[in-house]
Amino acid sequence: MPDTNNSTREIRIDPIVPTNSVLVATARSMRPRKEEAPAPRDTRKHVETCPFCSGNEDKTPPTIAAYPESGDWKVRIVENLYPVLGENSTQDNLSFGLQQTIEGYGRHEVIIDHPSHGIAIHEMSEDHLAMIFKSYQDRMVHLYKSDSRLKYVLAFKNFGPAAGASIPHTHSQIIAMPVVPENLFNEVHNSKKYFEKQHRCIFCSLIDEALTYEATIYDRDSGEVRRKINVGQYVIEKNERFVAIKPFASRYEWEIHILPLNHQADFLHTTEADLKAFANVLKNSMARLEQVIGGAQYNYFLHSVPHGNEYSDCSPSYHWHLEICPRTSIPSGFELGSGLFVNTISPEDAAEKLRTVDLSDIL
Ligand SMILES: [Zn+2]
Ligand SMILES: [Zn+2]
Ligand SMILES: [Zn+2]
């Protein structure tokens, strides 16, 4: 009989977006299941037939920007050959009854993150990672300026087939869209409500808790210690400017969020020094993931305060961050039907594993 005394079964409410909740059910990880090794990562340096490999530049749409501007590129940005949102929509806005539509107008660009085909984030230099995020920043500035109909510019990365990457060569994407995506809207809206009540940014409060807070919960009747909470246990990686934390209500087993330590709403306000410090925390966090789960397939995406007049007063209350979501299972019907994510590893255990893993042979 498995010892289930230490297992957790609780619904955790996301502190920022309370309608997002997660069922932490650790006994479920003891369910019998077929152990399938994840498909090995494509670690080849160069692939003759890959359109993103150096030497094959003529196989992609034209270059929008390259870093550095001349000589051999280290990061290259091209139009997406199969954009999900296009520049010239010929369809009229057609709304009928309850079925409202918004024109699928937007821009979709591909950032080829590195000339080396199968390189993982933790294998890239910090300077290179800072350059990738600088390229996001430059494109976001450009796209916001280029068209006032664009309400949000989302930068994200899919890595590995389980995360929806259709091309194995390491790359990320930028989609400029005519709406603010709902999950971001909820974060912006709820953090503003919190600010109006508490006069504090909720993300800053969560960081403070993560760094310092310790609590003991006592049983009301017996006075015995029921649970000791050391919230510092959620910190995975930290330097003088950034922190990587394991969210208390993590939807994904190995989810990690990276945030600036000092309040900053807009990713576009990050300086060169910020990006370098950010790259350091990102690289180390990804190395920790590699050591703990190996060959992670993941999505990451950048959440920053949307531009536009309706968001101009959200700067004190919103705090930009990168959400990294490793994909270790496929959402079940229960998750899709209920919107309740199921996490089979307690975020505290996952954080401890990530924080304490030895990095000496990987960095
Ligand atoms: Zn390639
Ligand atoms: Zn803040
Ligand atoms: Zn977010």
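## Two zinc sites, two helices and an aromatic cluster

In this predicted model, the zinc ion (ligand 2) has as its protein donors Cys201 (SG), Cys204 (SG), His263 (ND1) and His319 (ND1), which lie 2.1 to 2.3 Å from the ion; donors are N, O and S atoms within 2.8 Å of the metal (3.2 Å for Na, K and Ca), and water is not among the atoms, so sites may look incomplete. Residues are numbered from 1 along each chain as its sequence is written, and chains are lettered from A and ligands numbered from 1 in the order in which they are written. Local features need pLDDT of at least 70 and side-chain atom pairs count only at pLDDT 80 or more, while totals for chains, interfaces and linings use all residues, and side-chain values use heavy atoms, with hydrogens and water left out.

The zinc ion (ligand 1) is coordinated by Cys50 (SG), Cys53 (SG), His117 (ND1) and His169 (ND1). The table sets out the distances, angles and spacing for each ion.

| Zinc ion | Donor distances | Donor angles | Spacing along the chain |
|---|---|---|---|
| ligand 1 | 2.0 to 2.3 Å | 105 to 116° | C-x2-C-x63-H-x51-H |
| ligand 2 | 2.1 to 2.3 Å | 106 to 113° | C-x2-C-x58-H-x55-H |

The site of ligand 2 is tetrahedral, a class that four donors enter if all angles lie between 85 and 135 degrees, and the arrangement around ligand 1 is tetrahedral as well. At ligand 2, the donors follow the spacing C-x2-C-x58-H-x55-H. Because Cys201 lies in the loop between H2 and H3 and His263 in the loop between strand E12 (256–260) and H4, this pair ties together parts that are 62 residues apart in sequence; helices (H or I, at least four residues) and strands (E, at least two) are DSSP runs numbered from the N terminus.

Burial is judged by relative accessible area, with buried meaning under 20%, exposed over 50% and partly exposed in between (1.4 Å probe, protein chains only). Cys201 is buried at 5%, whereas His263 is partly exposed at 35%; at the site of ligand 1, Cys50 is buried at 6% and Cys53 at 1%.

Helix H2 (residues 182–198) has 17 residues, and its end C-alpha atoms are 24 Å apart, which agrees with the 24 Å that it should span at 1.5 Å a residue, the expected span being 1.5 Å times one less than the number of residues. Its buried residues are Leu184, Asn186, Glu187, Val188, Asn190 and Ser191, and what covers them includes strand E6 (152–159), helix H3 (202–212), strand E13 (298–303) and strand E14 (321–326). H2 is followed by His199, which has a positive phi, near 55°.

In helix H4 (residues 272–293) is found Asn280, which counts as buried at 19% relative accessibility. Leaving aside neighbours within four places in sequence, Asn280 is in contact (heavy atoms within 4.5 Å) with Glu126 and Asn239. The side chains of Asn280 and Asn239 are joined by a polar contact of 2.9 Å, that is, a pair of N or O atoms within 3.5 Å of which, within protein, one must be able to donate a hydrogen and the other to accept it, residues adjacent in sequence counting only if both atoms are side-chain atoms.

The whole structure holds 12 aromatic pairs, in which rings of Phe, Tyr and Trp (its six-membered ring) have centres within 6.5 Å, planes under 30 degrees apart counting as stacked, over 60 as edge-to-face and the rest as tilted. Phe133 and Tyr300 form a tilted pair, 5.8 Å centre to centre with 35° between the planes, and this pair links Phe133 in helix H1 (residues 126–146) to Tyr300 in strand E13, 167 residues apart. Both Phe133 and Tyr300 are buried, and they belong to one aromatic cluster that also includes Tyr136, Phe159 and Trp320.

Note on methods
Tetrahedral: all angles 85-135°; square planar, octahedral: opposite > 155°, others 65-115°.
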